[in-house]
Amino acid sequence: MIPQDFLQDIAKQHSVSDREMEVLLPAMEGKATKAIAKELNISEVLVRKRLSDIYKKFHITGKGPVKLTNLQKLLFTKYQASVAGEVATARPVIDNSPVVVTTDSVKPLQTQDWQEAPDVSVFYGREAELATLSEWIVGEQCRMVALLGMGGIGKTILAVKLGKQIQQHFEFVIWRSLHSQPSITDLLGDVIAFLSQQQESELPEDINERISLLLQYMRQHRCLLILDDVESILPSSGRFGNYEQEYENYGVMFKRLGETEHQSCLLLCSQEKPKEIESIEGLKRPVHSLPLAGLKLEDAKKILQEQGLKGEEKWEYLIRCARGNPFALKIVSAIIKDLFNNNVAEFTEYETWVFGDFRLILDQQWVHLSKLEKQIMLYLASLEKPASLGNIKEEISELSTSEVIEALAFLKKRSLIVTKSEASATVYDLEYLVKKYISKYHSTK
Ligand SMILES: Nc1ncnc2c1ncn2[C@@H]1O[C@H](COP(=O)(O)OP(=O)(O)O)[C@@H](O)[C@H]1O
Ligand SMILES: [Mg+2]
């Protein structure tokens, strides 16, 4: 239960009026709109209207009852966060500055280093994901959280948005991208230099000792370490491979940060789940991962809106084709803007897609697939209709059914295929964009 005075404070901060407050309090207790209307002697329509105004004030989107659940989650997370962070809501939150020193009485020093993290001033939706992540990191004090999903889906921007939202709960916040594949020696040197405020002049050469030193800081202080583009240092031969020798100690570091007790959190963003996380998660340690899907329809529409697109009757179709992937949508929107006079409907008539740099993301996924997975994808791309397990088995006869099922499960997890129920059996098809991509770049036909 969230105490009423906390609710009142937070509502005031969001300019919720007294009238709206009368509706918010019972709604948070789970009372139905009908009961609230009766209690307040007003119409149910008016209750809904006030709730809808409240959702807007908290930037809650979604449909019907989901909004209330999202609001409840958000307020609960804020409450937990405020308990964990002691009067967190009263603290100033200063965005976009590389180093911030506050004169906070609870934690005298708050230092951040966002290096070249992207600007998050344009950010849509993701309320539920933000609530879950902050609940794990601030509420449950998880030691390691992985944000997973295909390229362009919005991991980076979400991690930065989250980091800025919860920064007041940490003494140190540091964001680093592994895109340029730094050696772990360099990365640890960089992070430790920051955490020690350049006091640690002689760092040990031995990697394990460096990891121990990092852990020492993570025990002594509450730090949030965000590592982005982690897939860059993961095995290049997909999940069956081993780390390249140069990067295998990253695996050791993930394992130690996940298994050892400390008061900090490593938040990592990656297209693939590092295997160390998989094994630790299984043991119910404070380690979680969140797979990220595309943006919700109404949030994805804002991306098209931002570009000033028209032809609204086809927006939903366009967004579904891209599975709400904001990067794919941004690229195609720019083309529609430039070449189709902003008209989405005109573009969709051609039943085509323009990949641009989004192709690189799919290329990367493609090279990570096993031979069998590629065979299945090529087969599905060659068909007009979806195929059943029986059809696939017939086509690739040298393999056992269980091997094919395992491959299909993996492809589904990667958002590469979709399953559909038909009268006689479940059938499998490629995702719309994936089919277009394979037919265009990999099909031999
Ligand atoms: N929730 C969002 N609101 C607005 N723009 C978004 C959102 N999510 C992603 N984007 C945009 O889509 C693009 C890809 O997002 P990014 O975070 O870089 O994806 P990833 O890290 O998963 O590859 C960026 O240009 C980003 O600004
Ligand atoms: Mg990214």
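Me: Which residues line the largest cavity?
Reply: Gln271, Glu272, Gln365, His368, Leu369, Phe410 and Arg414 line the largest cavity. A cavity is a set of points on a 1 Å grid over the protein atoms alone where a 1.4 Å probe fits but cannot get out, and lining residues have an atom within 4 Å of a point. This is a predicted model, where local features need pLDDT of at least 70, side-chain atom pairs need 80 or more, and totals for chains, interfaces and linings use all residues. Residues count from 1 along each chain, chains are lettered from A and ligands numbered from 1 as written, and side-chain values use heavy atoms without hydrogens or water.

Me: What volume does the largest cavity have?
Reply: About 50 Å³, counted as the space filled by probe spheres set on joined grid points. The structure holds three cavities of 30 Å³ or more.

Me: OK, new topic. How many residues surround ligand 1?
Reply: 16 residues, each with a heavy atom within 4 Å of the ligand. The closest are Tyr124, Gly152, Lys155, Thr156 and Ile157.

Me: What does lysine 155 do there?
Reply: A polar side-chain atom of lysine 155 lies 2.8 Å from an oxygen atom of ligand 1. For glycine 152, a polar backbone atom is 2.7 Å from a ligand oxygen, and for lysine 330 a side-chain N or O atom is 2.9 Å from one.

Me: And how much of ligand 1 does the protein bury?
Reply: 82% of the 560 Å² that ligand 1 exposes when taken alone, by the Shrake-Rupley method with a 1.4 Å probe.

Methods. On a 1 Å grid over the protein atoms alone, a cavity is a set of points where a 1.4 Å probe fits but cannot get out, and a pocket is an open set with protein on both sides within 12 Å along at least five of seven lines; lining residues have an atom within 4 Å of a point. A polar contact is a pair of N or O atoms within 3.5 Å; within protein, one must be able to donate a hydrogen and the other to accept it, and residues adjacent in sequence count only if both atoms are side-chain atoms.
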